[in-house]
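Here are a few friendly notes to read alongside the coordinates. I have kept them to the cores, one small sheet and one helix.

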Amino acid sequence: MMDHSISFVVNGESVTFNCPPEKRLTDALRDELGLIGTKIGCGDGQCGACTISFNGNTVYSCLMCLGQAAEGEIVTVEGLNNYAGDKVILTRLQQAFHDYGAVQCGFCTPGMLIAAQDLLNRCSRPTEQQIRGALSGVLCRCTGYRKIIEAIQSLNGSSPAQSDQKSCAVNVGSRSPNVDGIRKISGSELYAADVHPSGGLFLRAIRSTYHHARFTIDDLSGLYKRYPGLSLVLTAADIPGQNAFGVYPTGKDQPVFADGYVRFRGEAICAIVGDEATIARIKDTEIPISWIELTAIHGVEAGISPDMPQLHSNSPNNILVEGCVSTGNVDEALATSEERYSNLFTTSFVEHAYLETEAGFAVRRQDRLEIFATTQSPYMDRDEIALIMGLPPEKIRIIPSAVGGGFGGKVDLSVQPMIAVAAWRLNRPVRCTYTRKETFTSTTKRHPAKMEVSVGSTRNGILTAVKFFGDFNTGAYASWGPTVAGRVPIHAMGPYRVPVVDCTARAVYTNDTPAGAFRGFGVPQAAVALESAMDELALQLNLCPFEFRYRNVLEAGCQTSTGQTLTASVGIRSCLDVLRSFWEKSTSEVKIFNSENVRHRRGIGIACGWYGIGNTAQSNPSTMRIGVNDAGEVTLYSGALEIGQGSNTVLSQICADALHLPLSSIRLVTGDTDLTADAGKTSASRQTFISGTAVSLAAEDLLRQVFRLVNASNSSAFMIKNKKIIIEDDDVMHLIDLSQLPRVNSNGDVLLGEGTFDPPTTPLDDNGKGDPYATYSFSAQIAVVEVDLDLGTTNVVHIAAAADVGRAVNPMMVEGQIHGGVAQGLGMALMEKFIPGETESFADYLIPTIEDVPPIDVYIVEDREPLSSVGAKGVGEPALIPTAPAILNAIRDATGVRVTELPVSPAFLRNNIKANILKCDEKFQEF
């Protein structure tokens with residue numbers, strides 16, 4: 001390719017490139033001009049993260065070559081910004097996004113802002129439908145889009161005010177904007193692919209194209225000779241420590257590089273390292289590899305078949321692990337129940353579909369290794385990398401980047417071990433960024449499930465028994481399979497009083513893509529089965545599905561099937577109470593609609609959910625630190641990772657209130673394993689409850705130290721002003737000159753408080769008895785759908801969602817989490833299906849767009865949790881659990897068809913609607 005001189009205007013400034021005109025515009029903007037706000041989420045025009053304005057129109061910059069931009073005018077998100085010195089001055093649109101909580105992980109935000117600004121340039125007062133149309137080409141996996149719509153509508157006064165902009169006397173409970181929102185809105189936030197260390201090399205993994213095979217890597221000398229820029233081909237032989245990683249200490253079964261044997265298509269077998277241009281030129285097929293294909297196992301039925309090979313030596317019949325909860329004789333209880341319902345339900349692999357692909361770089365610093373990468377679990381990463389490198393954990397430093405969405409998918413390792421080994425071997429920085437295809441083919445998914453459920457009740461609608469048996473496809477490696485097998489049986493009977501229970505879940509090895517953590521750890525799948533059965537049983541009993549649930553929900557004082565007594569914060573009945581009026585109103589509206597329409601029918605469905613917060617039946621601590629330096633600056637050192645859910649803001653709010661300081665005075669250091677303590681992974685909806693309480697304990701420790709310095713009582717008033725701490729103890733005022741105190745750490749702090757909270761749990765016995773969680777969150781949702789009877793397509797018209805969160809530390813962020821959970825649940829129900837070996841891009845895999853997500857009414861229930869310092873629980877996973885079953889129950893109400901396989905296939909629905917019509921016609925003819 002020959003270089004050409006290409007000139008155009010970017011954000012009001014003329015630029016000229018001397019390069020091949022075929023160079024991708026996105027790469028030029030990011031790499032040459034440093035305009036990192038323009039993101040790459042897919043590289044093929046499917047996600048919209050790279051959206052820019054070109055000559056007044058929105059375009060995908062990943063689909064444009066530099067030559068096409070010649071003489072044009074480009075605006076990126078950075079071009080929206082104004083500055084007063086170093087301070088960013090937001091536009092009205094950017095400020096609305098900030099104020100309305102329209103930013104979560106922030107990766108899609110630049111594209112959203114450009115598309116929204118383009119709309120506003122054309123139409124100053126857009127309708128919701130116009131907003132949907134204009135933004136439909138930009139995907140968001142976090143927000144559920146509703147806050148984005150509200151933010152844009154606020155500019156014409158049609159949305160009520162959202163955030164609390166003033167310095168609040170009480171921060172907990174306020175609608176404070178995201179503390180890192182301005183960086184995300186301005187395009188300056190640093191995600192893993194945004195930082196390129198100087199003098200660095202690039203790494204690309206070479207992956208198996210077979211689901212199950214043996215292989216040998218042949219002589220590489222010819223490859224090195226053809227490509228002088230190739231520095232190293234890494235293989236399993238290059239791993240200095242153990243070539244295995246995994247979540248559990250006894251379950252490290254996944255190799256960094258496969259050692260002559262691959263168990264899934266997409267598994268890394270080696271990696272090539274060199275300058276970026278060379279690595280881009282080398283084709284995968286040029287790596288000399290000899291293959292012997294083996295019989296592949298797909299799906300759990302094949303996995304447990306005696307005719308299939310055993311994939312791991314310690315797992316006979318390919319059963320990784322089995323979990324169970326058993327109370328009483330369930331077969332006898334079902335046999336004597338006056339009403340029973342049984343059925344088989346199946347769900348599919350679901351892709352996390354975060355818009356930021358996995359990325360990072362590693363740097364060797366003498367005898368230490370630093371890794372900057374996208375992750376949900378820095379301390380788990382540190383310990384895993386230490387084992388792989390054969391180094392002590394303190395020799396590994398993990399510096400998390402901003403995370404462009406996680407949902408559980410970035411708890412497992414991805415690029416980290418490969419770049420670590422390469423940087424250590426070559427003593428040069430090494431970076432790697434996954435393509436979207438790599439993310440699809442090599443990272444973990446939601447576990448597909450095959451579930452049998454039986455539910456019994458008395459004739460007057462009191463539950464008597466639940467039997468559940470589920471096989472969950474954990475794929476080629478364990479990942480979080482043991483967690484799913486352990487958590488599902490505890491939750492499989494739903495948030496109901498059930499005297500006799502037998503629930504079993506197994507994680508089964510196959511040659512499919514590994515399944516791991518994904519917003520619920522198997523509970524959403526189990527809820528599909530149980531809540532569908534609840535509706536069918538209600539129909540058999542001729543009971544309203546709402547009332548049937550209301551009769552059976554848990555309350556304070558009830559025992560769960562594990563024998564745990566719930567003493568407080570059991571808000572599921574309150575969730576139903578706040579939804580009752582919506583149910584009654586919508587039921588009437590559905591009847592009227594159906595009386596006036598023939599081809600389209602509406603239905604209403606309800607589902608409930610519950611979720612144990614934190615790890616299951618094991619220690620689950622978080623440690624937080626709060627420092628004060630000699631300038632009077634307060635720093636919260638938080639190991640809790642922000643992945644878009646709002647933990648940076650929520651924990652800062654808790655810190656500010658605990659110290660009686662304004663939120664703006666709290667500085668934040670997050671995730672860096674050299675600077676923070678271990679707060680545990682960001683998953684299982686645990687950070688607000690566990691790390692939030694640890695923050696309060698750290699503040700208490702800090703205040704005790706301060707009061708002790710002047711012998712003041714613990715009830716004294718405390719403030720920081722002009723580098724001094726002012727303490728008022730009754731009528732006595734004390735001054736502490738911070739400049740006179742010795743430093744207690746290398747960060748310059750002169751005072752440092754520390755707090756650790758580990759919620760009380762107990763291990764489960766062989767029958768699943770014990771206290772697996774210290775607290776549970778509860779949720780209930782109602783879905784109204786409209787089905788095209790001719791096409792079998794389903795449109796979700798409205799969702800009402802209630803969630804018991806204990807206490808909403810930030811109600812605006814709680815609403816955003818619920819919106820996002822509903823959107824993911826909608827996708828799980830109606831469109832999302834990952835197929836190993838076939839799904840490789842967003843062209844093959846649909847997630848909800850802004851046009852798919854309906855209005856969502858949010859009802860926050862606050863049944864406070866006494867173990868939490870502020871009464872709060874979690875909401876991330878509970879927000880998702882009821883959505884899919886509520887939609888399925890609404891489809892059943894609209895059509896009479898019980899869907900038992902997800903996602904709902906329009907062909908299946910259409911055929912079964914026709915079959916029902918034929919049955920009705922036959923009955924009519926007989927009559």
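1. Strand 9 (residues 213-217) pairs with strand 11 in the antiparallel sense, over two bridges; strands count as paired if DSSP finds at least two bridges between them. Helices (H or I, at least four residues) and strands (E, at least two) are DSSP runs, numbered from the N terminus. Within this pair, alanine 213 lies opposite valine 262 of strand 11.

2. A word on conventions: this is a predicted model, in which local features need pLDDT of at least 70 and side-chain atom pairs count only at pLDDT 80 or more, while totals for chains, interfaces and linings use all residues. Residues are numbered from 1 along each chain as its sequence is written, and side-chain values use heavy atoms, with hydrogens and water left out.

3. The strand pair belongs to an open, antiparallel sheet of three strands, in the order 11-9-13. Strand 11 (261-262) and strand 13 (289-293) are the edges; each has a single partner strand, so one side of each lacks a neighbour in the sheet.

4. The largest nonpolar core (buried Ala, Val, Leu, Ile, Met, Phe, Trp, Tyr and Cys joined through side-chain atoms within 4.5 Å) has 112 residues, and Phe468, Met624, Ile626, Leu659, Phe718 and Ile725 touch the most other members. Helix 20 (residues 687-709) gives the largest share, ten residues. Another core, of 90 residues, lies apart from it and includes Val77 and Tyr845.

5. In helix 6 (residues 146-154), eight of the nine residues are buried, so the rest of the structure largely encloses this helix. Buried means under 20% relative accessible area (1.4 Å probe, protein chains only). Arg146 and Lys147 are among the buried residues.

Technical notes
Buried < 20%, exposed > 50% of the residue type's maximum accessible area, 1.4 Å probe, protein only.
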